[in-house]
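Hi,

Here is the structure I promised to pass on. Have a look at it first, and then read my notes underneath.

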Amino acid sequence: MESFEEVMSRMTARRPDQSGSKETTSGIDVVAMWPELFTDMSDIDRNAIRQACAASWHDGWQPDREDVADFAAQTRGTITAEEYRQRIRNRAQPREATQRQADEA
């Protein structure tokens, strides 16, 4: 199974829907959830993030504002791909520890 990081990298590089359409049939729309994160972004980039997050959501990922903000920043170029990956790793460690504790309980 692909990690969140791998999915995001793959989906950003591919830019799935070049039309800029805002419609999704995914059941989740991070652009609608946090529109302020996308105000200075092209429709193509905005839709690529929307589609990538929807695909990950279908695999069980629950987006939070921090994850989406970092994804948008990396897409925009305000943080590097390595900074983006490090931020994901830093947030994943406490989440994994919490999940392990819940599984053991």
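Let me start with the chain as a whole. Of its 105 residues, 38% count as buried. Keep in mind that this is a predicted model. You'll find five helices and zero strands in the protein chain, so the pattern along the sequence reads α-α-α-α-α. If you take the contacts between residues at least 6 apart in sequence, 65% of them join residues at least 24 apart.

I spent most of my time on helix α3, which covers residues 43–58. With 16 residues at 1.5 Å a residue, α3 should span 22 Å, and because its end C-alpha atoms are 22 Å apart, the expected and modelled values agree. Quite a few of its residues are tucked away: the buried ones are D45, R46, N47, A48, I49, R50, A52, C53, A54 and S56. Just past the end of α3 comes G60, with a positive phi of about 110°.

Two residues of α3 are worth a closer look. R50 sits in this helix, and its relative accessibility is 3%, so R50 counts as buried. You might not guess that for an arginine from the sequence alone, so do click on it. H58 is in α3 as well, but its relative accessibility is 52%, which is why H58 counts as exposed. The C-alpha atoms of H58 and G27 are 8.8 Å apart, with their positions 31 residues apart along the chain.

Next along is α4, residues 65–76. Its 12 residues should span 16 Å at 1.5 Å a residue, and the end C-alpha atoms are indeed 16 Å apart. The buried residues here include D67, V68, D70 and F71, and A72, A73, Q74 and T75 are buried too. After α4 comes G77, and its phi is positive as well, near 95°.

How do α3 and α4 meet? Their axes come within 11 Å and cross at roughly 140°. That angle makes α3 oblique to α4, and the crossing is right-handed. On the α3 side the contact is made by D45, I49, A52 and C53, and on the α4 side by V68, F71, A72 and T75. Sorted by type, the residues of this contact are six nonpolar, one polar and one charged.

The last stop is V30, which belongs to helix α2 (residues 30–33). Is V30 buried or exposed? Its relative accessible area is 0%, so V30 is buried. Leaving out neighbours within four places in sequence, V30 is in contact with F38, I49, R50, C53, P63 and V68. Among these, I49 and C53 of α3 and V68 of α4 also take part in the contact of α3 with α4.

V30 also ties back to the buried arginine above. The C-alpha atoms of R50 and V30 are separated by 5.9 Å, although the two residues are 20 apart along the chain. For V30 and Q51, the figures are 21 residues in sequence and 9.1 Å from C-alpha to C-alpha.

That's what I have for now. Shout if you'd like to go through any of it together.

Cheers

Terms used. Residues numbered from 1 in each chain as written. Predicted model: local features only at pLDDT ≥ 70, side-chain atom pairs only at ≥ 80, totals over all residues. Heavy atoms only, no water. Helix = DSSP H or I, 4+ residues; strand = E, 2+ residues; numbered from the N terminus. Expected span 1.5 Å × (residues − 1). Buried < 20%, exposed > 50% of the residue type's maximum accessible area, 1.4 Å probe, protein only. Axes fitted to C-alpha atoms, helices over the stretch in contact; angles between N-to-C directions. Parallel < 35°, antiparallel > 145°, perpendicular 65-115°, else oblique. Left-handed = near helix turned anticlockwise from the far one by under 90°. Contact = heavy atoms within 4.5 Å. Nonpolar A, V, L, I, M, F, W, Y, C, P; charged D, E, K, R; others polar.
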